[in-house]
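Dear colleague,

Please find the structure below, handed over for your own inspection. My findings follow it.

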Amino acid sequence: MEPIAIQIQRKGLALDPAQIAKLSTEFRDSHWVRLPQLLEPSILDFLQARLDNSQWETMSHGKIGEEYIANDLPATSLLHFAMNRPKFRAVVEEITGCKVLRWFRGRVYRMVAEAGHHDNWHDDVDHSNEVAISLNLSRNLFRGGLFTLRERDSRRVVARVANTGPGDALIFRISPDLQHRISDLEGAESKTAFAGWFRSDPPECFRDSSMQSLTGTRAI
């Protein structure tokens, strides 16, 4: 079992500075790292129970891919709260070497082989995205669905990872020089994950407030 460097717990954030230092070196060399058991089991159980009864909507990303998106406010709000905590963002900054990660935005998605869900090569360089995370929320072990990272020009694969551990997460660099994708699923088991981006631009709420003040519109 891999040592736990960071764990989001009900009582707060548990950290192992020695493991975080190792992850920082690994990220610098490989552009990605795994965060084993990022979620405390009780939090993972809560989220999985919510998602078992969630409504799912088809989301198309054009040429990039297609998936289901969860419509469950308690689950997505809890995950966004955890990722946007200043202490957690500071740890991600330390691991990745990114100086300013101001906020995080993501989604809970599910990929089902029989539904034709897929994910093609892309880079996610828009909107000041600096670092991405994919957190495994799947209840059962799935086959396929490998996270793959490659160099854009040479197409050399630098990572091919089956992120199947309960509550495990991958964080990886967003760069014009890199592309990533999720391979097709195999078999009947679906893949469920929370994925999104740590960004360096001001959060949307502050940008909206600034625009309203400039135009003389009072926020309600």
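The notes below cover a three-stranded sheet, then a strand with two partners, and lastly a pair of helices. Please bear in mind that this is a predicted model.

**The sheet around S10**

Strands S11, S10 and S13 form an open sheet of 3 strands, in the order S11-S10-S13 and with antiparallel pairing. Strands S11 (157-161) and S13 (178-182) each have a single partner strand and stand at the edges, so one side of each has no neighbour in the sheet. Direction ignored, neighbouring strands of this sheet are turned against each other by 10 degrees on average.

Strand S10 comprises residues 147-151 and pairs with S13 in the antiparallel sense over 5 bridges. Its pairing with S11, also antiparallel, consists of 4 bridges. Leu149 illustrates both pairings: this residue stands opposite His180 in S13 and opposite Ala159 in S11. A further pair on the S13 side is Thr148 with its bridge partner Arg181.

How many residues separate S10 and S11 in their hairpin? There are 5 residues between the two strands, and Arg155 in the turn has a positive phi of about 65 degrees. As to burial, S10 is largely enclosed by the rest of the structure, because 4 of its 5 residues are buried.

**Strand S15 and its partners**

Strand S15 (residues 191-199) is mostly covered, with 8 of its 9 residues buried. One partner is strand S6 (residues 103-111), which runs antiparallel to S15 and is joined to it by 9 bridges. In this pairing, Trp103 stands opposite Arg199 in S15. Another partner is strand S8 (residues 129-136), likewise antiparallel and joined to S15 by 7 bridges. Here Ile133 has Gly196 of S15 as its bridge partner.

**Helices H3 and H4**

Two packed helices are described by the angle between their axes and the distance between the axes. For helix H3 (residues 73-84) and helix H4 (residues 86-96), the angle is about 60 degrees and the axes are 5 Å apart. The two helices are therefore oblique to each other.

Which residues of H3 and H4 meet? Ala82, Met83 and Asn84 in H3 meet Pro86, Phe88 and Arg89 in H4. Of the residues in this contact, 4 are nonpolar, 1 is polar and 1 is charged.

With kind regards

Definitions and conventions
Residues are numbered from 1 along each chain as its sequence is written. This is a predicted model: local features need pLDDT of at least 70, side-chain atom pairs count only at pLDDT 80 or more; totals for chains, interfaces and linings use all residues. Side-chain values use heavy atoms; hydrogens and water are left out. Axes are lines fitted to C-alpha atoms, for helices over the stretch in contact, and angles run from 0 to 180 degrees between N-to-C directions. Angles under 35 degrees count as roughly parallel, over 145 as roughly antiparallel, 65 to 115 as roughly perpendicular and the rest as oblique. Contact means heavy atoms within 4.5 Å. Ala, Val, Leu, Ile, Met, Phe, Trp, Tyr, Cys and Pro count as nonpolar, Asp, Glu, Lys and Arg as charged, and the others, Gly among them, as polar. Two strands pair if DSSP finds at least two bridges between them. Buried means under 20% relative accessible area, exposed over 50%, partly exposed in between (1.4 Å probe, protein chains only).
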